[in-house]
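Please look over the sequence and the model shown below, and keep both at hand while reading. The paragraphs that follow go from a single side chain to the core, then to the two ligands, and end with some points of the backbone.

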Amino acid sequence: MADLKATIEEQIKNSHVLIYSKSTCPFCIRVKKLFSVQYVSFTAVELDTLDNASQYQDNLEQISGQRTVPNVFINGKHIGGCDAVVRLYSTGELAKLLVKGTQEKDPFNKDHTYDYDLIVIGGGSGGLACSKEAASQGARVACLDYVKPTPLDTQWGLGGTCVNVGCVPKKLMHQAALLGHAIEDAKQYGWEVSGDVGHKWSTLVEAVQAHIGSLNWGYRVALRDKNVKYINGLGSFQDAHTIKHINKRGKEAVITAARIVVAVGGRPRYPDIPGAREYCITSDDLFSMPTSPGKTLVIGASYVALECAGFLAGIGFDVTCMVRSILLRGFDQQMAEMAGEWMAEHKVKFQRKCVPTKVELIEKGGDGKPQRLRVEYKNNETGQVSSEEFNTVMLAVGRDPDTKLLGLDKAGVELSKSGHISAVYEQTKVPHIYAIGDVLQSKQELTPVAIQAGKLLAKRLFGGGSSYTDHVNVATTVFTPLEFGTIGLAEEDAETIFGKQNIEVYHSYFTPLEFTVAKRGDNSCYGKLICNKADNERVVGFHVLSPNSGEITQGYDIAIRMGATKDDFDATIGIHPTCSENFTTLYVTKSSGADVKTAGC
Ligand code: FAD
Ligand code: NDP
């Protein structure tokens with residue numbers, strides 16, 4: 001008993017967020033959901049899986065005065081059960097409790113004998129932001145960036161995923177597809193577009209790559225201007241303060257630093273099926289493909305898959321999207337399905353409940369002829385195996401952190417099963433080693449999140465800053481053909497956390513004015529606000545499916561972060577005629593079951 005008490009006290013002392021839980025208890029499920037929607041990593045001790053659950057509970061009662069589960073501790077402090085955690089979440093106090101000063105574990109002595117104050121491994125969104133900010137704060141900084149070629153030998157320059165093979169080329173290609181629609185609409189608006197309007201893939205790729213090239217150059221200049229030493233080499237740990245780097249020609253060198261930030265991001269995952277690496281592309285290859293993709297199969301159903309399938313179909317390719325289970329896991333499922341419906345109505349074919357089993361080359365492309373691939377796939381529900389021919393097969397089945405060759409074990413930094421780095425406010429268990437961006441365990445994989453984390457970390461480490469990245473209510477948009485913008489909780493998550501009876505959903509379909517003359521279909525757009533009734537109808541979820549959702553959602557994010565209630569939305573006077581104004585006039589609740597289709601202004 002005494003031993004167990006000591007073990008529990010040790011667990012409490014050493015955990016950031018610790019939840020004593022029972023796997024089937026609904027209150028425990030609710031509390032765990034609440035932490036995961038805030039992107040907070042937690043340790044859950046599932047008492048029902050242990051033989052000595054009752055002794056655990058006796059000891060917990062002695063330590064915290066609470067025998068029941070969930071029993072939550074944050075930074076060694078007893079918080080309580082489900083109600084206590086939900087209350088702290090609703091008042092914003094939980095976020096404050098989660099933040100705890102970390103610098104004291106990593107004191108900085110300017111007179112150290114290392115080569116640099118800081119080495120940043122990875123020159124992507126997070127790494128560049130962190131390097132530049134640290135240098136601005138007076139630190140001596142080296143930033144390593146090296147791009148390992150894809151299995152099809154695609155490579156790119158400085159700037160990481162977002163600039164080269166992510167947000168930037170994706171958004172430009174999304175725009176190419178939107179322009180195709182605009183040309184169609186233009187005829188209804190009186191433009192006399194004569195003859196067949198065709199699209200040339202190679203022109204698009206050249207233009208996109210030219211823009212990326214200019215960004216790559218800009219980043220090099222920015223590093224030089226800030227006095228950051230840029231090293232185009234693949235870095236790996238030799239020990240906790242020493243990094244070896246190897247350049248393209250195989251030349252090796254070693255540098256040391258007082259502090260190290262790991263910002264190596266992630267790379268596309270390949271499923272373990274024959275032909276995946278040999279014949280399939282990923283988003284790392286798509287945006288610089290010299291030849292037109294032709295008939296394309298996109299495998300996957302999340303951000304990358306739906307966005308790429310959407311713009312390829314919009315540009316005019318024959319596109320099929322192979323969905324293993326659901327669209328956009330983790331997102332509000334009503335919205336995800338609506339985004340998918342629009343795609344299905346706009347030429348994207350969906351192959352549901354299917355997974356690929358083999359990809360074979362039937363005929364090599366060349367001399368103007370496209371390659372031919374045969375994809376064998378299985379329907380997971382019926383077990384039926386089928387096959388179909390495509391010119392391009394794009395895998396978008398998730399991304400893995402790029403940590404395999406980093407040698408983090410030599411520095412004493414542990415990796416999760418998935419290869420991510422777990423850290424508390426970016427600090428790993430080795431206090432002078434930090435991680436930011438996509439490589440982090442349980443955080444949003446988004447460029448602005450990586451940038452914010454990099455900047456704030458550098459300010460804390462070298463500028464006396466005390467601000468931490470807030471992962472709650474981070475707005476995001478899926479750039480599907482009809483964009484899907486979202487802030488906060490999915491409806492199903494709000495139900496789990498607050499209880500279905502405690503939330504009110506206000507919603508409406510709407511038709512952008514621009515769609516009317518273009519005859520793009522009535523009531524194809526939709527918005528909803530999810531409100532917590534017990535908290536003055538505070539808005540805990542915002543979702544919109546419409547053109548320009550990215551632009552709309554960003555503005556509303558400030559209001560929601562500031563705690564806007566439904567009354568605040570109602571008191572706001574809209575800008576007419578816009579899609580965004582619909583959020584100022586929502587009055588139909590989902591629970592009423594009333595019709596939410598609109599007609600006219
Ligand atoms: P990265 O930007 O991936 O940078 C890591 C860098 O480290 C890379 O240059 C890599 O080559 C380098 N590196 C790796 N290992 C080493 C090593 N050992 N030594 C030296 N260098 C190394 N996010 C959005 O917010 N909006 C979007 O619209 C969006 N669209 C996306 C579209 C696609 C197709 C993809 C794939 C991602 C998209 N993202 C988007 C996500 C966004 O790109 C990432 O969240 C962001 O780039 C992560 O930044 P990072 O700094 O963590 O890593
Ligand atoms: P995700 O991990 O979000 O999704 C992976 C998808 O692949 C899921 O639909 C999954 O299905 C499916 N899948 C996984 N394994 C298989 C398999 N073996 N066979 C068939 N399907 C499979 O990855 P993404 O690459 O789409 O996105 C990575 C991250 O990049 C995102 O989380 C996002 O943060 C960022 N990003 C942001 C964008 C933006 O801001 N607009 C755009 C693009 C990316 P299942 O649900 O069944 O597991």
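With which residue does the side chain of T150 make a polar contact of 2.7 Å? The partner is D285, whose side chain is joined to that of T150 by this contact, where a polar contact is a pair of N or O atoms within 3.5 Å, and within protein one must be able to donate a hydrogen and the other to accept it, while residues adjacent in sequence count only if both atoms are side-chain atoms. This is a predicted model, in which local features need pLDDT of at least 70 and side-chain atom pairs count only at pLDDT 80 or more, whereas totals for chains, interfaces and linings use all residues. Residues are numbered from 1 along each chain as its sequence is written, chains are lettered from A and ligands numbered from 1 in the order in which they are written, and side-chain values use heavy atoms, with hydrogens and water left out.

T150 itself sits in the loop between β6 (141-144) and α7; helices (H or I, at least four residues) and strands (E, at least two) are DSSP runs, numbered from the N terminus. T150 counts as buried because its relative accessibility is 6%, buried meaning under 20% relative accessible area, exposed over 50%, and partly exposed in between, with a 1.4 Å probe and protein chains only. A polar atom of the T150 side chain also lies 3.0 Å from the backbone nitrogen of T154. If neighbours within four places in sequence are left aside, T150 is in contact (heavy atoms within 4.5 Å) with W156, R267, D284 and D285.

From this loop we can turn to the nonpolar interior. A nonpolar core is a set of buried Ala, Val, Leu, Ile, Met, Phe, Trp, Tyr and Cys residues joined through side-chain atoms within 4.5 Å, and the largest one here has 65 residues, those with the most contacts inside it being W201, L286, F311, F542 and F569. Helix α12 (residues 303-315) provides the largest share of this core, eight residues. Apart from its neighbours within four places in sequence, L286 is in contact with W201, I281, C308, F311, L312 and M394.

Helix α12 appears again at ligand 2, where it supplies the largest share of the surrounding shell, three residues, and both α12 and β22 (476-478) give at least two residues each. Around ligand 2 there are 21 residues, of which E307, R324, S325, E445 and T477 come nearest; a residue is near a molecule if one of its heavy atoms lies within 4 Å of it. By class, this shell has nine nonpolar, six polar and six charged residues, with Ala, Val, Leu, Ile, Met, Phe, Trp, Tyr, Cys and Pro counted as nonpolar, Asp, Glu, Lys and Arg as charged, and the others, Gly among them, as polar. An oxygen atom of ligand 2 is 3.1 Å from a polar backbone atom of V304, an oxygen atom of ligand 2 is 2.9 Å from an N or O atom in the side chain of R329, and a nitrogen atom of ligand 2 lies 2.9 Å from a backbone N or O atom of T477. On its own, ligand 2 exposes 920 Å², and the protein buries 78% of that, accessible areas coming from the Shrake-Rupley method with a 1.4 Å probe and, for residues, with only the protein chains shown counting as cover.

Ligand 1 is surrounded by 37 residues, the closest being D145, Y146, T161, K170 and D438. They divide into 16 nonpolar, 14 polar and seven charged, and the largest share, four residues, comes from α7. The side chain of T161 has an N or O atom 2.5 Å from an oxygen atom of ligand 1, while a backbone N or O atom of G235 lies 2.9 Å from a nitrogen atom of ligand 1. A backbone N or O atom of E445, a residue listed above for ligand 2, lies 3.3 Å from an oxygen atom of ligand 1. The protein covers 93% of the 1000 Å² of accessible area that ligand 1 has on its own.

Some points of the backbone remain. A cis peptide bond, with omega of about -5°, joins V69 and P70, and P70 is placed in the loop between α3 (53-64) and β3 (71-74). K353, although not a glycine, has a positive phi of about 60°, and lies in the loop between β15 (348-352) and β16 (354-363).
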